[in-house]
Amino acid sequence: MSEPPVYELVNGPDPCDICVSIAGFYPVPPDVPIHLGCECTVRTLDAEGAEDVTYEVRNVEWDEEEWTEEVQGAISNCGNPQQSIDFSWGAEQTTPLEHFDPGVQAEAEAAGWQRPEPQGITGHVDIAADCTLEFTFVARHVSFLFKGELWRVRLSEDPIAGVVTEEEQVDEVGGIFEAMIGGELSGYTVEPCAGEDDYFQSPEESPWMEDDPREIEV
């Protein structure tokens, strides 16, 4: 498998500790300068498309983690008659968070990893007139963290040995995939909508009574 050229972050003449710690090889060109006064540079190790050089992602491994999250929600039917309401929850969460260095996803799939299908929950519910439906939704999430190695393979001609293969690990690569993979309603309650005067224990307490002699402090 052939990948884009490998880039090396080369420290300047007087590097700080941060520059020293991040110097090395990258599958994509890192941004420079790193900070004010930084003289670090990016060097391309091999020209793209060189016939005798290929790149291989090897030894991809991943850690998997699953967890659940409780989400509170409500559907209001205040001021309306009884009706059946269609709802959809999780549509914005079904777009997974994913990023892979070049070649990592393909190598992981070749090693047996299967990309989960993100999904939310949809349906409809009957709500009584002038009520609010309060519910608890339990969402299921999954996360994969990948790591692997990027190797450079160079073929060269030797007058005695013939074609010689030189292999060198030039960097570590990885990836991440997170998504909501399902969910269910764990419980719900139906509450009547509050009226305008429900804030007061009795109508006599309302400061908006007609001809009310009391002053309203604001």
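**A small sheet, two cores and a loop**

Let me begin with a sheet in which 3 strands are arranged in the order β2-β1-β3, and this sheet is open, with antiparallel pairing. At its edges stand β2, residues 24-26, and β3, residues 41-44, each of which pairs on one side only. Going from one strand to the next, the twist averages 35°. I should say at once that what we are looking at is a predicted model, and the values I give are computed from that model.

Staying with this sheet, let us look at how strand β1, residues 7-10, meets β3: the two pair in the antiparallel sense over 4 bridges. Within this arrangement, Leu 9 stands opposite Val 42 of β3. Another residue that lies in strand β1 is Glu 8, and here we may ask: is Glu 8 buried or exposed? Glu 8 counts as buried, because its relative accessibility is 17% and the cut-off for buried is under 20%. The side chain of Glu 8 also makes a polar contact, at 2.3 Å, with the side chain of Arg 43.

Let me turn now to the nonpolar cores. The largest of them has 18 residues, and the ones with the most contacts inside it are Val 104, Trp 113, Phe 146, Leu 150 and Phe 177. Which elements give two or more residues to this core? They are β4 (53-76), α2 (104-110), β8 and β9 (162-192), and it is β9 that supplies the largest share, with 5 residues. If we take Val 104 and set aside residues up to four places away in sequence, we find that it touches Val 57, Val 60, Phe 146, Val 173 and Gly 174. Apart from this largest core lies another core, of 12 residues, and among them are Val 125, Phe 137, Ala 139 and Met 180.

Finally, I would like to show you a residue in a loop. Ala 129 is placed between β7, which covers 121-127, and β8, which covers 131-158. Why does Ala 129 count as partly exposed? The reason is its relative accessibility of 41%, since partly exposed refers to values between the 20% limit for buried and the 50% limit for exposed. Which residues does Ala 129 touch, leaving out those up to four places away in sequence? It touches Asn 77, Asn 80, Pro 81 and Gln 82. As for Cys 78, its C-alpha atom is separated by 7.2 Å from that of Ala 129, although these two residues are 51 residues apart along the chain.

Note on methods
Residues numbered from 1 in each chain as written. Predicted model: local features only at pLDDT ≥ 70, side-chain atom pairs only at ≥ 80, totals over all residues. Heavy atoms only, no water. Buried < 20%, exposed > 50% of the residue type's maximum accessible area, 1.4 Å probe, protein only. Contact = heavy atoms within 4.5 Å. Pairing = 2+ DSSP bridges. Axes fitted to C-alpha atoms, helices over the stretch in contact; angles between N-to-C directions. Core = buried A, V, L, I, M, F, W, Y, C linked by side-chain atoms within 4.5 Å. Polar contact = N/O pair within 3.5 Å; in protein donor to acceptor, adjacent residues only side chain to side chain.
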